[in-house]
Amino acid sequence: MAREGIHVERPYERLNKDQVELIHQASMEILQDPGLISFNEEAVNIFHSHGAEVESLGGDHRSWHVKLPEQLMTSALKSVPKTVTLGARNPDNSLVMNGDQPKVYLITGSETNIWLDVEFPEYVHKSDSSKKIRVPEFKPRRGMVEDLCQSARVCEHLEMVDGFIRNVNIQDRDITPENKDVNKFFASLNNNTKHFMSGLTSLDQLDNVVRMAELIAGGKKQLADNPIISFITCLVKSPLQFVDDTTSTFIEICRRGLPVAVSSSPQAGTTAPIKEAGIMAQINAEVLAGIALGQLVKPGVPLLYGSVPVRARMDTLSDSYGAVETSQYNIDCVQMARFYGIPNYSTSGVCDSKIPGQQSSIERLFSDIVVAMSGPQYLHCAFGLLECNSVFSLLQAVLDDAHFKMIKHFLKQPRVDQTEIESVLKQIRSVVDTPQKLYISHIRPVLRSGEISGLYPFEGSGETDQVFELAFDRMEELLAKPVQHIDEETTARIFAEVPGILPRLNVYERGS
Amino acid sequence: MPENMIDQIRENVIQGRVSSDDEGMEEGMAGQPGVTELVEQALESGVPIRDIVSKGLSGGMDIVGKKFEAGEYFIPDMLASAEAVGAAMDILQPRLAKSGIKTKGTVIVATVKDDLHDIGKNIVTILLRGAGYVVKDLGNNIDTQVIVDAVRDEKPEFLGLSALLTSTMARMEDVIRSLEENGLREQGKIIIGGAPVSDEFARSIGADGYGADGFQAVAVVEALTAEET
């Protein structure tokens, strides 16, 4: 049983068929001329053995110029699975995605360094002490493993979150490059029963992470059938360069047959052309090259077309996720992925704002609505993320859940058919015949069936804006709710067989 | 048997089912007798009217009120139940006097001249009927003289005036002045409602009460009724 997702029957598209075809052809040309630069030798060898033209480049760093013929690309892309299933500790939380079907799953995302605490100090009016107001005060600090646990717990209970991407970079003093991966995977999996996706800090930890997942899933075959974890790799550095270490990680994950999102994040204006046609042709080429590599490593390995295009800010040349063009690029990528029939990992909701507030609401809601309307299958919608994904706020995540309920409701398909028309005609005739002429009594069945959207859950009383206070109460409520941890026996086996997990993460040892 | 019928009436009030056509709150209710059919059956079976009213209809509305306060019921649910009670009262009305049962009072309601808005007034009408009042609804865009004549003829305990427009709210004062000029102001209490009016405005024009919404309107009428008795 998979999660429901949001079915977008008629997805919003910016590009017409000819434009999609033009971008595809441009990408194919780019892959031949100028081609890619690969800093990873193994990728070069794989491409070369399948007919790519490669040439060693001189200089301090070992690198190669790789030209991928269209025939190689077409052949490699044939084996990409159209349907990708991402499993979950609770199988009812599985995600089944088909590249041809615009059904949207909403996923948390990116690894942020900063955790934003919030407090509500009370302020008293200078000239009238009876007038008091509570104003949120946000305090940034370094993210820790306990924060990741808390975030996983809250996201477990947020109704609209379909899957969990680790969203806090754990920076405790006892976290090292060697134990970071096992701790972030365990902290997330132990506090959340939804699908878990993450990047990998160290390739050396891949087998430990996979072993942990096997123990939780119940074995190798069970993990293959129910892949409770997946990975995201940014093997491409725009423009058109395969990074050495991430490409190695990608190749090894593909060999193990686990699902991977192949992601590229060019910035229009700096690492990609500022023009829409240009960034689209380039990002499409970059992602397709990664996908082709994965298929050449292991034909049929489940991959997602991962697109995180962004426009540059004109004042600082840093990322501007709040720019409307960023949403346009993302929507175009959704369409390109659908052209190839590959499930799409897209991005929305990322904002430039540093704290929850009006700017963050406007920026994220705008892109969340328009990108969700385009029908990406796996939408990294930045639950709780602020300041271009460098800050995480649990309060913002709770606020985001509320607006995604509205978006989900908005995307419901109209119910207009012959039976419905006959039913409403009967209703209209009967109501018009009554003295009061009110349809109110007919609301009831619709109200109970969930066809009517609910009130905004953080509406304050009177004329005061209590959104933050009410969302904070909700956040506290969710934090207090229990989650289903990994069972004691499996936890013991994980701690015995997977080295490096912090003892304080063992919930069965804490009380003893 | 009578107790069973009373229970069924009460349950169908809670379900908000006027007749057998209504779906109610639970699956499979459509087709079964609603409040109006059950009241007819109860009368035929000789169930005392007093019991139908107090245990069946009012008893049901009490529970509906508690469900509303608990957040289990919404306004459409309250109105459906009130509508069912109102429909039952229409059937019982001719027999109440014979049984020696006094109604809670008569209320005339109207939207004032030049104002065509009547949603609020209609909701108040349903709720008042559900609360056991006899309501005569004159309609919308009603001439002041028509209202005055109705008060003279019907001798209601209450007059409810509604207006949605700032341009028509002044008509309420016209009605009150006209009632005074015709010696009818003391006939009954006057309450007003509608988006542009307020408690302060009600006092300024000499009305007896103001209801911000349908529920408050019923509460004001109930409070004024209690004062009188």
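This is a short walk through the domains, the nonpolar cores, two pieces of sheet and the chain contact in a predicted model.

I'll start with how chain A is divided. Domain 1 of chain A takes in residues 6-12 + 82-410, domain 2 covers 17-77, and domain 3 covers 421-449. Between the C-alpha centres of domain 1 and domain 3 of chain A there are 44 Å.

Next, the interior. The largest nonpolar core contains 135 residues. Among those with the most contacts inside this core are Phe186(A), Met212(A), Val260(A), Val262(A) and Leu379(A). Helix H9 of chain A, residues 276-297, gives the largest share, twelve residues. Where does this core lie with respect to domain 1 and domain 2 of chain A? Both domains give residues to the core, so it lies between them. A second core lies apart from that one; it has 61 residues, including Val13(B), Val85(B), Val107(B) and Val135(B).

Back in the largest core, take Val262(A), one of the residues with the most contacts there. If we leave aside neighbours within four places in sequence, Val262(A) is in contact with Thr233(A) and Leu235(A), with Val287(A), Gly290(A), Ile291(A) and Gly294(A), and with the run Leu303(A), Leu304(A), Tyr305(A) and Gly306(A).

Now the sheets. One is an open sheet of five strands in chain A, with mixed pairing, in the order S3-S4-S2-S16-S15. Why do S3 and S15 each have one side without a neighbour in the sheet? Strand S3 (53-57) and strand S15 (236-237) of chain A are at the edges and each has a single partner strand, so one side of each is left free of a neighbour. Further in, strand S2 of chain A, residues 36-38, runs parallel to strand S16 of chain A, residues 241-242, and two bridges join them. In that pairing, Ile37(A) stands opposite Gln241(A).

The other pairing I want to show is antiparallel: strand S5, residues 83-86 of chain A, pairs with strand S6, residues 95-98 of chain A, over four bridges. In a regular strand, side chains alternate between the two faces of the sheet. For S5(A), Val84(A) and Leu86(A) are on the covered face, while Thr83(A) and Thr85(A) are on the uncovered one. Thr85(A) has Val96(A) in S6(A) as its bridge partner.

Last, the contact between chains. How many residues of chain A are in contact with chain B? Ten are, and they meet 14 residues of chain B. By class, the chain A side has six nonpolar, two polar and two charged residues.

How values were computed: Residues numbered from 1 in each chain as written. Chains lettered and ligands numbered in written order. Predicted model: local features only at pLDDT ≥ 70, side-chain atom pairs only at ≥ 80, totals over all residues. Buried ≥ 20, exposed ≤ 12 C-beta atoms within 10 Å, placed from the backbone. Pairing = 2+ DSSP bridges. Contact = placed C-beta atoms within 7 Å. Nonpolar A, V, L, I, M, F, W, Y, C, P; charged D, E, K, R; others polar. Domains from an automatic or database assignment. Core = buried A, V, L, I, M, F, W, Y, C linked by C-beta atoms within 7 Å.
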